[in-house]
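Work through the exercises below with the model open beside you. Try each task before you read its solution.

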Amino acid sequence: MPKVLSAELILTVMLAIITPIKIAAGAESPYPRINISADLDVNAGIMRAGAVIDLPATSPGEIFFPGLEIEKITVNGREIDISKSGPVFFKNDHALNLRASDAARTIKITYRYRPAVDELLGPGQIYLHRSWHPYLAVPAIFSLEATLPKGFHAISQAEKIVENVNGDKVTASFFFPHPRRGLDLIAGPYEISRKELTNGPDLYAFFFPEDHDLVADYLEKAASYIKRYQGLIGPFPYKRFSIVENRLPTGFAMPTFTLLGQQVARLPFITRTSLGHEILHQWFGNSVSVANESGNWCEGLTTCLADQSYAADQGRGAGFRKNQLLRYESFVNKTNAISLEQFLGAKSHLIPGQDAARAVGYTKASMVFHMLRKKIGDEAFFKGLRLFFKRFNHRPAQWSDIEAAFSENTTEKLDTFFTGWLTGRDIPRLSLTGLRVREKGGKINLSFDLRQTANKPLVMTVPCRIITPSGVIDRRVKLNDRLFHVSLDLDDYPEKVIIDPRYDLMRHLDPSELTPVWSRVMGTGKKIFVLKDKKSEKKYAALLRRFRHPADLTLLGKDADDRRLENADLVFIDADGKKAQAMFADNSGASTHGFSLEVRRNPLNPGRTATLVRAASAAEVQAAARKLSHYGKYSYLAFDNGGIKEKKVTATAMGLIYSADPEPDGVEIRPRLGLTEIMTRIADRRVVYVGESHTSPADHHLEIRVVRAMYRQNQNLAIGMEMFSHEAQSALDRYILKKETNEKEFLRQCDYFKRWGYDFRFYRPILDFARANAIPVIALNQPKPIVSRIYSKGIDALSPAEVKDLPPERDLTLPDYRERLNRIFRMHRGKNRLNDFLQAQAVWDETMAATAATWINKHPGGRMVILAGRGHVEKNAIPPRLARRTGIPQTVLLNNDPSGRAGKIADFVLFTRAAPLPRLPIMGVMLRESKKGVLIAGVGKDSPAAKAGVKKNDIILTADNEKIKTINDIKVLMLYKKKGGNIRLRLERKHLLWPTTTGVVEVKL
């Protein structure tokens, strides 16, 4: 347990003498000396002080005192009239410039000081962090004597502290033997606790009485960090170390102590993370300081050896480094990127506008040190680290000194590595091309080209992981140029190749790796805020003030079209607005109370984000908005009255993953189940899908067998068919209920061959069975012209009336939906856009799901068999959309096919056989509808029509004495023809020099 020391005991342990502590007699210091004596009046909030500055001969004579109320200045005992010229020169009353001299000089300054706005000088605490004393342009040796109220204990940069109580005052003396630019002074009604270390500094905690219960853990953890880093780096660089609480929200590391804000110190994770980081700064940043002319290296080194290392201890190293890369991707772009040489430092993360600089100086630099460690190995890395500290203990160092220390402990050439990573502003993007697997000489050869895209090629060692059925193979590839060809002989087939699976490289992330997190939204240069309505802007004013930048766009949902939304990061303000619902459907992750925020991928552009925001009130928005900046690494956040209630991170790919030669899927062959047994097993499933290939006789044979089996189980059955769209429903109803006895008339009324077109004979048995048993047939589909217009012109081309008829909830984000459609789109895209194809397919699937759900919900005891194309019955098509609306159990049946996908899609795979349908006779013409009627657009050579005398540009007036108005009319008639039969056409023909004529021809089929 730590010991709590009273002021009297401290006086006994230390010296009860209050005099400035001097350097030993005869010792000459090349540095100036500054001795400060200060009397702090906490009631008046003012400090009265004097400073004695001893300047060695030839030392620069510029003294700064901004913010000080100067009362008197003497130089070598001679008072200076600051209103006149003489041996001094004043700059704007904030600096004193002495003329050059070969002799030593002593300057005495008497002054008063009132604290700056971010400092404290009152009964609760003293915190002086800025220019509260004179300082020089060069480092100096400081001593300090501070008079404080009784009950206060003080801390400053010091190897030795002496306190003395005199009446109602305490005088504290400090001495620090190492040169500095300035001191900090912190004091307050602290309880001081001490922990003895066997080998290490004197360890103290200065905590306020109300936080005494935190002390034991802080001292215990601090002791373990000191032991850890003494083993890795070298002896602790100072004789004492203190952990000090501050009333203000700080997190600083000064030589000999760290200053933690009281609210920060109370956070349970600080002793596991930030405390170790600040202690490590005693070695790097304080003892070995930064020579800023070559860039600040210490923040990156500390992040690597502290934060990154602690995550690795817990098995989270790869995830931590991935999050570092995400922060870099979020905040650094071409307009604000700087090199590591250009990074001189950054202010606290609590101060806005620091994210980009910190992403370079902390994140990129830490990853460079991590890559160096991987490149040369742990033994050489830590030898170099110890050598670097030993050389520059209590001295400034630069990047070149780091390179030299590490180069002495490895045979690796490091000059090109350091030059590229320190001077370049960009980072590389890696990719793999030309992947090939082949049998070669009894081995399996895997080859590919590893590429990097960057302004200049960077030196890196790229981890490559090969996944095989028998295990994992790891290889490291030295990449010094833009391309490196890799060829490996393996004993087993490679299923996947993963580049940088543990995030050992500083690189750009692939879209598949980009986790949708809040930091990406904060850092983006192009956001669109989509408001549910005009009231939303007022309700979310606090959020918009904090995170809406001048370049961002704000739109009402009704004005937000796809072409705008696909090129930006989106923030949907009130996530139940129509536009958000049309992209994400139910938004089930959103909180219904308090404040919630969920970051997803933008379904129109997976490389960007879409954030769904919801709040119960403006007060909840205001309470949460001021805290959101601290939660950038999360995908989902929920607050209640400003308190965090839930936080999540969406999982994404780990590494750049490429498919090589995947192992074939298979199933265990068991005794086959007959269709009757399968149907018995799924008798409780209210919806059964039978997926079809539209021209497969076997698939259609399976469909009618399933329809019959389900009807035997439950006569409260409906048949949902993709083949018919909503406008055909009335014709279907009349036909099924035998109000239309003529099949031909039904086909004409529903315009079957225009709106679907596949051989009707495949569907005739299903409709005949439905008609014979009065089974409702439900037209599931959206009208084809609507879907076609979305595909060709985009969803925003629809009229308000057409949009009104679409399902308002449309989910574009189902797993692999966009990727699957993209594979189809690439084969047929022409001049169309992927997002328009995505929207068209989503409308198609959502409409079928919504139509089926309407019938299911109206018939609680009913069942439905859905007949649709295989792509529509996949696990990201109709089934999840229907489940979202009904929650009922469903089953998918498929015939097996050579692609092997049936086993991945279906719950049951069947092996149905069916004889192909006899071929329908053809006339051998191409038809086109014109203003005059159905036009013969072409006649096949030696076709039946050509032999009968039919010519191009003839107009068909009648066929078998029936008027012909549409192509559908012709196709309906041809459906009933047999090979060897005839069709009688009455044609109109236009002649060049003669009047138009009409005539009749008999086409033998």
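A cavity is a set of grid points where a 1.4 Å probe fits but cannot get out. The model is predicted. By this rule it holds 4 cavities of 30 Å³ or more.

**Exercise 1. Describe the second largest cavity: its volume, its lining and the elements behind it.**

Step 1. Start with the volume. The second largest cavity has about 60 Å³.

Step 2. List the lining. It consists of M371, K374, K375, F417, V459, M460, T461, R476, D504 and L505.

Step 3. Sort these residues by type. The lining has 5 nonpolar residues, 1 polar residue and 4 charged ones.

Step 4. Find the elements. Helix α7 (355-376) and strand β27 (460-468) each supply at least two lining residues. The most come from α7, which gives 3 residues.

**Exercise 2. Place D500 in the model and say what surrounds it.**

Step 1. Find the segment. D500 sits in the loop between β30 (496-499) and α11 (518-523).

Step 2. Check the exposure. Buried means under 20% relative accessible area. D500 has 0%, so D500 is buried.

Step 3. Look for a polar partner. A polar atom of the D500 side chain lies 2.7 Å from the backbone nitrogen of D504. D504 also belongs to the lining of the second largest cavity.

Step 4. Look further along the chain. With neighbours within four places in sequence left aside, D500 is in contact with P463, L505, R507 and G655. Of these, L505 is also one of the residues lining the second largest cavity.

**Exercise 3. Describe the second largest pocket.**

Step 1. Take the volume. The second largest pocket encloses about 1,100 Å³ of space.

Step 2. Go to the centre. The pocket is lined by 30 residues, and the closest to its centre are V667, F908, V909, L910 and F911.

Step 3. Name the elements. Two or more lining residues come from each of α17 (675-681), α18 (697-713), α28 (902-905) and β44 (908-910).

Step 4. Sort the lining. It divides into 12 nonpolar, 8 polar and 10 charged residues.

**Exercise 4. Which residues of α23 are buried, and how are they arranged around the helix axis?**

Step 1. Pick out the residues. In α23 (784-793), the buried ones are I786, V787 and I790.

Step 2. Look down the axis. The buried residues of α23 fall within an arc of 95°, so they line one face of the helix.

Step 3. Ask what this face meets. The buried residues of α23 pack against α24 (800-804) and α26 (834-858).

Step 4. Follow the chain past the helix. Just after α23 comes G794, with a positive phi of about 100°.

**Exercise 5. Compare T256 and N961: what is phi, and is each residue buried or exposed?**

Step 1. Recall the background. Most residues other than glycine have a negative phi.

Step 2. Read the angles. T256 is not a glycine, yet its phi is positive, about 80°. N961 is not a glycine either, and its phi is positive, about 70°.

Step 3. Place both residues. T256 lies in the loop between β21 (251-254) and β22 (257-261). N961 lies in the loop between β47 (955-959) and β48 (962-963).

Step 4. Check the exposure. T256 has 1% relative accessibility, so T256 counts as buried. N961 has 63%, so N961 counts as exposed.

**Exercise 6. Find the surroundings of F762.**

Step 1. Place the residue. F762 is in the loop between α21 (752-755) and α22 (764-773).

Step 2. Check the exposure. The relative accessible area of F762 is 12%, so F762 is buried.

Step 3. List the contacts. Leaving aside neighbours within four places in sequence, F762 is in contact with H694, T695, P697, H700 and L917.

**Exercise 7. Which residues of α16 are buried, and what covers them?**

Step 1. Pick them out. In α16 (618-625), E620, V621, A623, A624 and A625 are buried.

Step 2. Find the cover. The buried residues of α16 are covered by elements including the helices α12 (534-539) and α13 (541-547). The strands β34 (595-602), β35 (605-615) and β36 (636-640) are also part of this cover.

**Exercise 8. Is N164 buried, partly exposed or exposed?**

Step 1. Place the residue. N164 lies in strand β15 (160-166).

Step 2. Apply the cut-offs. Partly exposed lies between 20% and 50%. N164 has a relative accessible area of 23%, so N164 is partly exposed.

How values were computed:
Residues are numbered from 1 along each chain as its sequence is written. Side-chain values use heavy atoms; hydrogens and water are left out. On a 1 Å grid over the protein atoms alone, a cavity is a set of points where a 1.4 Å probe fits but cannot get out, and a pocket is an open set with protein on both sides within 12 Å along at least five of seven lines; lining residues have an atom within 4 Å of a point. Grid points are joined across faces, edges and corners, and a volume is the space filled by probe spheres set on the points. Helices (H or I, at least four residues) and strands (E, at least two) are DSSP runs, numbered from the N terminus. Ala, Val, Leu, Ile, Met, Phe, Trp, Tyr, Cys and Pro count as nonpolar, Asp, Glu, Lys and Arg as charged, and the others, Gly among them, as polar. Buried means under 20% relative accessible area, exposed over 50%, partly exposed in between (1.4 Å probe, protein chains only). A polar contact is a pair of N or O atoms within 3.5 Å; within protein, one must be able to donate a hydrogen and the other to accept it, and residues adjacent in sequence count only if both atoms are side-chain atoms. Contact means heavy atoms within 4.5 Å. The arc is that of the directions from the helix axis to the C-beta atoms.
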